[in-house]
Amino acid sequence: TEWQAGGRVGRCTIPAVALGVAMFITAYDAVIETGVANLQVREAGEWVREHLDDEAVYFQTPRLRYYAGRPWETSRYADVDEALRELANDGGERHAFAVLELHPGSEPDELGPDLSPVASFSNERGAMAVVFRVGGE
């Protein structure tokens, strides 16, 4: 680690920049999760963008919102139980639709009478992203 006079950086520059780029890529992938294992999330978001452009939609996770092309909101990841409580408290007044990520083995039809599956997307591992109409029907 040599430093040159005059405030210019020596041999540390390349490793520092490489470390910064690697950290950015890791952080980006953690938020957006670009892998094949998350194909269902991207497909659900794209479906919402194509079919529910002007509708009020509840997004369980920021990455669903991202793929739907919706404006960024400061939001956090909600687990399915927390999302269901929020939707129950809402009573369909603020959200006409909801998009939830479900673990392998989950049954969308068993989440409650106030949610009707409209579209469902899954990956090879059985994880799902499901678009629901809020309020039954």
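1. In this predicted model, the largest nonpolar core holds 16 residues, and among these Val 48, Val 99 and Val 131 touch the most other members. Two or more residues of this core are given by each of the elements α2, β1 (57-59), α3 (62-67), β2 (97-102), β3 and β4, and the largest share, which amounts to 4 residues, comes from α2.

2. A second core, separate from the one just described, has 13 residues, and Tyr 58, Leu 87, Ala 98 and Val 130 are included in it. For a student following the chain by eye, Val 99 is a useful residue to look at next. When residues up to four places away in sequence are not counted, Val 99 touches Ala 44, Val 48, Val 57, Tyr 58, Phe 59, Gln 60, Leu 64, Val 130 and Val 131. Tyr 58 and Val 130, which are touched by Val 99, are included in the second core.

3. As for the overall layout, the secondary structure of the protein consists of 4 helices and 4 strands, and from the N terminus on these elements follow the order α-α-β-α-α-β-β-β. If one takes the contacts in the protein with a separation of 6 or more, 48% of them are accounted for by residues 24 or more positions apart.

4. Turning to the surface, the protein has 137 residues, of which buried residues make up 36%. Its accessible surface comes to about 8700 Å², and 53% of that surface belongs to carbon and sulfur atoms.

5. Is Gln 40, a residue of helix α2 (residues 39-51), buried or exposed? Gln 40 has a relative accessible area of 3%, and it therefore counts as buried, since the cut-off for that word is under 20%. The side chain of Gln 40 makes a polar contact with the side chain of Asn 123, at 3.3 Å. Once its neighbours within four places in sequence are left aside, Gln 40 is in contact with Phe 121, Ser 122, Asn 123, Ala 127, Met 128 and Ala 129.

6. Arg 125 deserves a separate point, and it is found in the loop between β3 (115-122) and β4 (128-134). Because its relative accessibility is 59%, Arg 125 counts as exposed, a word that requires a value over 50%. Where the chain is concerned, Arg 125 and Pro 104 are 21 residues apart, while their C-alpha atoms are separated by 6.9 Å.

Conventions: Residues are numbered from 1 along each chain as its sequence is written. This is a predicted model: local features need pLDDT of at least 70, side-chain atom pairs count only at pLDDT 80 or more; totals for chains, interfaces and linings use all residues. Side-chain values use heavy atoms; hydrogens and water are left out. Buried means under 20% relative accessible area, exposed over 50%, partly exposed in between (1.4 Å probe, protein chains only). A polar contact is a pair of N or O atoms within 3.5 Å; within protein, one must be able to donate a hydrogen and the other to accept it, and residues adjacent in sequence count only if both atoms are side-chain atoms. Contact means heavy atoms within 4.5 Å. Accessible areas come from the Shrake-Rupley method with a 1.4 Å probe; for residues, only the protein chains shown count as cover. A nonpolar core is a set of buried Ala, Val, Leu, Ile, Met, Phe, Trp, Tyr and Cys residues joined through side-chain atoms within 4.5 Å.
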